Number of protein chains: 2
Amino acid sequence: MRNKVENKADQIYELLKQNDFKVTPQRKVILNLFFDKIGEHLSAEEVYNLLQENHPEIGLATVYRTLELYAELDVLQKMSFDDSKNRYELNNNDIHHHHHLICTGCGKVSEFSDDLLEALEEQITTKTKFKIMDHKVKFYGKCESCYNK
Amino acid sequence: MRNKVENKADQIYELLKQNDFKVTPQRKVILNLFFDKIGEHLSAEEVYNLLQENHPEIGLATVYRTLELYAELDVLQKMSFDDSKNRYELNNNDIHHHHHLICTGCGKVSEFSDDLLEALEEQITTKTKFKIMDHKVKFYGKCESCYNK
DNA sequence: ACCTCTGCTGATAACTAATATCGTTTAGTT
DNA sequence: AACTAAACGATATTAGTTATCAGCAGAGGT
Ligand SMILES: [Mn+2]
Ligand SMILES: [Mn+2]
Ligand SMILES: [Zn+2]
Ligand SMILES: [Zn+2]
């Protein structure tokens with residue numbers, strides 16, 4: 001009996017094959033890193049630095065290429081919190097993406113799971129000809145500790 | 001009797017003064033450019049190029065500085081449509097920002113005025129300690145013409 | 001009207017995230 | 001085992017932005 005992460009990883013290896021991409025050691029290692037870092041929003045350089053410990057042979061260009069590939073396949077969600085670099089996290093494609101709450105005081109990013117955009121998306125569908133396939137929602141404000149000072 | 005744009009511009013000049021910033025010719029020219037380009041989402045370089053015709057003396061660094069300043073003062077809204085450059089448009093601070101609909105086929109950006117995030121913001125306020133002050137919402141999908149082919 | 005002083009400006013160097021290039025290696029196939 | 005297109009690591013290059021700095025200018029004081 002396989003555990004959940006292995007099963008999920010295998011599904012993604014299958015997805016790679018289905019799209020005529022090779023399942024390379026580098027792609028496996030990087031994917032597994034994201035399984036280990038659920039909840040974090042990692043930049044390419046952060047991924048590269050984390051890899052230094054156990055996989056210093058993996059090059060930075062490969063990290064960039066792999067993150068981009070996984071984002072394309074919707075395995076990773078690509079995002080930016082206005083610090084001029086892209087960040088990635090595992091895309092729990094159980095229903096919709098969560099929303100991000102960004103503290104303008106300390107920069108901390110927290111999350112909110114409920115989607116609750118149905119009403120808005122329905123309005124857009126009714127009033128425009130645009131076919132919505134995805135969305136990104138960011139809220140800016142103050143986290144509890146920044147608000148109380 | 002002054003017209004609407006002049007009045008609005010004067011208000012923003014006042015805002016600059018209130019915050020101890022000088023009202024310079026460059027800042028006036030760049031602000032007025034945005035009054036002329038309502039509905040567009042201009043990058044720094046696009047602003048710089050538009051200025052070449054009538055104000056080639058204004059340097060690119062000044063454009064960057066001015067856009068950043070106005071964004072700080074909430075005169076301009078700063079945004080990015082994932083083309084790795086920041087874009088700006090006049091912030092109609094009548095109520096909330098509009099939302100952006102980004103076509104993943106042709107890259108065209110359209111807009112949707114109604115805010116309709118009350119329900120979602122209320123949920124976040126109820127369930128978390130986060131104090132929401134602003135939001136950015138982007139929808140990805142297909143515009144009418146990209147959808148029909 | 002002139003001085004002063006500080007903020008602002010333009011030119012350009014420096015920085016940084018990301019991408020392109022290229023010779024070598026390797027996964028998947030025969 | 002051999003083959004080949006895809007992927008790789010190292011590194012050069014690009015592109016958007018920011019930092020630096022000497023000169024300018026405009027508001028306030030005299
Ligand atoms: Mn997240
Ligand atoms: Mn807009
Ligand atoms: Zn905070
Ligand atoms: Zn389109």
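**Figure 1. Secondary structure of chain A in the predicted model.** In this predicted model, chain A contains six helices and six strands. Read from the start of the sequence, these elements of chain A succeed one another as α-α-β-α-α-β-β-β-β-α-β-α. Along the principal axes, the C-alpha atoms of chain A occupy a box of roughly 45 × 45 × 35 Å. Chain A comprises 149 residues, of which 38% count as buried.

**Figure 2. The site of the zinc ion (ligand 3) in chain A.** Four sulfur donors, the SG atoms of A:C103, A:C106, A:C143 and A:C146, coordinate the zinc ion (ligand 3) at 2.2 to 2.4 Å. The angles among the four donor atoms of this ion run from 102 to 115°, and the site is tetrahedral. For comparison, the ideal angle for four tetrahedral donors is 109.5 degrees. Along the chain, the donors of the zinc ion (ligand 3) obey the spacing C-x2-C-x36-C-x2-C. Within this set, A:C106 and A:C146 link distant parts of the chain, being 40 residues apart. A:C106 belongs to the loop between β4 (99-103) and β5 (109-112) of chain A, whereas A:C146 belongs to helix α6 (residues 144-147) of chain A. The two cysteines also fall into separate accessibility classes: A:C106 is partly exposed because its relative accessible area is 46%, while A:C146 is buried because its relative accessible area is 15%, under the 20% limit for burial.

**Figure 3. The site of the zinc ion (ligand 4) in chain B.** The protein donors here are the SG atoms of B:C103, B:C106, B:C143 and B:C146, which lie 2.2 to 2.4 Å from the zinc ion (ligand 4). Tetrahedral geometry is assigned to this site, with angles of 102 to 115° among the four donor atoms. The donor residues of the zinc ion (ligand 4) are spaced C-x2-C-x36-C-x2-C in sequence. Distant parts of the chain are linked by B:C103, in strand β4 (residues 99-103) of chain B, and B:C143, in the loop between β6 (131-142) and α6 (144-147) of chain B; the pair is 40 residues apart. Both B:C103 and B:C143 are buried.

**Figure 4. An open sheet in chain B.** Three strands of chain B form an open sheet in the order β1-β3-β2, and their pairing is antiparallel. The edges of the sheet are β1 (42-43) and β2 (76-79) of chain B, each of which pairs on one side only. Between β1(B) and strand β3 (residues 87-90) of chain B, which run antiparallel, there are two bridges. At the residue level, B:S43 has B:R87 in β3(B) as its bridge partner.

**Figure 5. Protein surface around DNA strand C.** DNA strand C is surrounded by 21 residues, and the closest are A:N86, B:T24, B:E57, B:T62 and B:R65. Of the atoms of DNA strand C that come within 4 Å of the protein, 70% belong to sugar and phosphate. Phosphate oxygens of DNA strand C make polar contacts with both chains, including one at 3.2 Å from a polar backbone atom of A:V23. An N or O atom in the side chain of B:T24 lies 2.7 Å from a phosphate oxygen of this strand, and the corresponding distance for the side chain of B:R27 is 2.9 Å. The elements that supply two or more residues to the surface near DNA strand C are α4 of chain A, together with α2 (25-36) and α4 of chain B. By class, this surface near DNA strand C holds seven nonpolar, six polar and eight charged residues.

**Figure 6. Protein surface around DNA strand D.** Among the 18 residues around DNA strand D, those that come nearest are A:T24, A:Q26, A:T62, A:R65 and B:N86. Sugar and phosphate make up 68% of the atoms of DNA strand D that come within 4 Å of the protein. In chain A, an N or O atom in the side chain of A:R27 is 3.0 Å from a phosphate oxygen of DNA strand D, and a polar backbone atom of A:E57 is 2.9 Å from a phosphate oxygen of that strand. From chain B, a polar side-chain atom of B:Y64 is placed 2.9 Å from a phosphate oxygen of DNA strand D. Two or more residues are given to the surface near DNA strand D by each of α2 (25-36) and α4 (60-72) of chain A and α4 (60-72) of chain B. The residues of this surface near DNA strand D comprise five nonpolar, six polar and seven charged.

Note on methods. Residues are numbered from 1 along each chain as its sequence is written. Chains are lettered from A and ligands numbered from 1 in the order in which they are written. This is a predicted model: local features need pLDDT of at least 70, side-chain atom pairs count only at pLDDT 80 or more; totals for chains, interfaces and linings use all residues. Side-chain values use heavy atoms; hydrogens and water are left out. A residue is near a molecule or strand if one of its heavy atoms lies within 4 Å of it. A polar contact is a pair of N or O atoms within 3.5 Å; within protein, one must be able to donate a hydrogen and the other to accept it, and residues adjacent in sequence count only if both atoms are side-chain atoms. Helices (H or I, at least four residues) and strands (E, at least two) are DSSP runs, numbered from the N terminus. Ala, Val, Leu, Ile, Met, Phe, Trp, Tyr, Cys and Pro count as nonpolar, Asp, Glu, Lys and Arg as charged, and the others, Gly among them, as polar. Donors are N, O and S atoms within 2.8 Å of the metal (3.2 Å for Na, K and Ca); water is not among the atoms, so sites may look incomplete. Four donors count as tetrahedral if all angles lie between 85 and 135 degrees; four count as square planar and six as octahedral if opposite donors are over 155 degrees apart and all others between 65 and 115; anything else is irregular. Buried means under 20% relative accessible area, exposed over 50%, partly exposed in between (1.4 Å probe, protein chains only). Two strands pair if DSSP finds at least two bridges between them.
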